[in-house]
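Colleague: I have a model open and would like to learn how to read its features one by one. Could you take me through a few of them?

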Amino acid sequence: MEAIVALAFAFLVFPFSSPAQALSSNYYDHTCPQLESIVRSAVQNAMSNDKTVPAALLRMHFHDCFIRGCDASVLLNSKGKSKAEKDGPPNISLHAFYVIDNAKKALESKCPGIVSCADILALAARDAVAMSGGPSWEVPKGRKDGRISLASETRQLPAPIFNISQLKQNFAQRGLSIKDLVALSGGHTLGFSHCSSFQNRIHNFNATLDVDPTMNPSFASKLRSVCPAHNKVKNAGSPLDSSNLIFDNAYYKLLLQGNGIFSSDQALLTTPKTRALVSKFASSQKAFEKAFVESMIKMSSLTGGQEIRLDCRVVR
């Protein structure tokens, strides 16, 4: 309950701007027509060397938008004792910031001072999905970059241990619906989780059970072998689904089989409405992709910045 109150309070203090803040798909058509091809090349080049880049960029965009809107505050570096979002506990494992840096550098040489880091990140997330076999879409553009980035605000992010009430409230505070919650959770089709994010389900689950009984026993056993109770292996963990480099609907199929990784994944099966959406997306890749695109556009239209940064990691 305290976590929910903290989230609600944080939202009241730091409201997002209206989604209608002059975003447009042709925002840079005259000022920087090469924008999309430059960002696409940066993502493509990074992917050719590191297959984890798409998951990293998609997660980075989510984590940016859920704090102060999509304002690239997640890219800012900490300064002295003032810790930025990227150094908050949920963001320490974020990576591939260099992809945005590379795109920004190329754009500054072609159209200096024109394109926001927030727009670059939104486009990079879209390209990451499309290049992983998922859908593509027109990204509304015209975001500004934020000047404030606080590690303490990362507690506003939805946590992997959240139950359905906490998830619904967290998304509703950002104007996102239950359908958005289930569709955007499908982003877990890409990626990897460290043991610490699901340890609560496979060791000391409660006073009488060691393992979460909603988990498929053989899946739980596999996770326990990778993540023992006193795990000392720094990068130990598990892919978030069985085809974690491909954007597909396997996440939902696995969830229905008791093979979801996080408590927050399992939570999607605990109400009739969210469970029905999981079943719908599990049975139709097309329905999932359509809902995902609509929800991504909605989420990425949360704005809150004030400037165009020349260096994505430093305020002007």
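Colleague: Which residues does Ala-42 touch, not counting residues up to four places away in sequence?

Modeller: Contact here means heavy atoms within 4.5 Å. With residues up to four places away in sequence not counted, Ala-42 touches Val-99 and Ala-103. Ala-42 is found in helix α2 (residues 35-49); helices (H or I, at least four residues) and strands (E, at least two) are DSSP runs, numbered from the N terminus. Before we go on, please keep in mind that this is a predicted model, where local features need pLDDT of at least 70 and side-chain atom pairs count only at pLDDT 80 or more, while totals for chains, interfaces and linings use all residues. Residues are numbered from 1 along each chain as its sequence is written, and side-chain values use heavy atoms, with hydrogens and water left out.

Colleague: Is Ala-42 buried or exposed?

Modeller: Buried means under 20% relative accessible area, exposed over 50%, and partly exposed in between (1.4 Å probe, protein chains only). Ala-42 has a relative accessible area of 13%, so it is buried. As for distance, the C-alpha atoms of Ala-42 and Leu-176 are separated by 30 Å, with their positions 134 residues apart along the chain.

Colleague: And what does Val-53 touch?

Modeller: Val-53, in helix α3, touches Ala-46, Met-47, Ala-96, Tyr-98 and Val-99, again leaving out residues up to four places away in sequence. Val-53 is buried, at a relative accessible area of 0%.

Colleague: How should I read aromatic pairs, and how many are there in the whole structure?

Modeller: A pair of aromatic rings is described by the distance of the centres and the angle of the planes. Rings of Phe, Tyr and Trp (its six-membered ring) pair if their centres lie within 6.5 Å; planes under 30 degrees apart count as stacked, over 60 as edge-to-face and the rest as tilted. A search of the whole structure finds 10 aromatic pairs. One of them joins Phe-66 and Phe-171, edge-to-face, at 5.0 Å centre to centre and 70 degrees between the planes. Phe-66 lies in the loop between α3 (53-65) and α4 (97-110), and Phe-171 in helix α6 (residues 164-172), so this pair ties together parts that are 105 residues apart in sequence. Phe-66 is buried at 3% relative accessible area, and Phe-171 counts as buried at 6%. Tyr-251 and Tyr-252 also form an edge-to-face pair, 5.0 Å centre to centre with 80 degrees between the planes. Tyr-251 is buried at 3%, and Tyr-252 counts as buried at 0%.

Colleague: Which residues do ring pairs link into a cluster?

Modeller: Trp-137, Phe-247, Tyr-251, Tyr-252, Phe-281, Phe-288 and Phe-292.

Colleague: Which charged end sits over the ring of Phe-97?

Modeller: A charge sits over a ring if NZ of Lys or CZ of Arg is within 6 Å of the ring centre and within 35 degrees of the ring normal. Here the charged end of Lys-86 sits over the Phe-97 ring, 4.4 Å from its centre.

Colleague: What does the side chain of Glu-307 make a polar contact with?

Modeller: A polar contact is a pair of N or O atoms within 3.5 Å; within protein, one must be able to donate a hydrogen and the other to accept it, and residues adjacent in sequence count only if both atoms are side-chain atoms. The partner of Glu-307 is the side chain of Arg-147, at 2.6 Å. Glu-307 lies in the segment after α13 (285-300) and is buried, with a relative accessible area of 10%.

Colleague: What should I make of the phi of Ala-72?

Modeller: Most residues other than glycine have a negative phi, and most peptide bonds are trans. Ala-72 has a positive phi of about 60 degrees although it is not a glycine. Ala-72 lies in the loop between α3 and α4 and is buried, at 0% relative accessible area. Asn-204 has a positive phi too, near 50 degrees. Asn-204 is found in the loop between α8 (199-202) and α9 (217-226), and at 63% relative accessibility Asn-204 counts as exposed.
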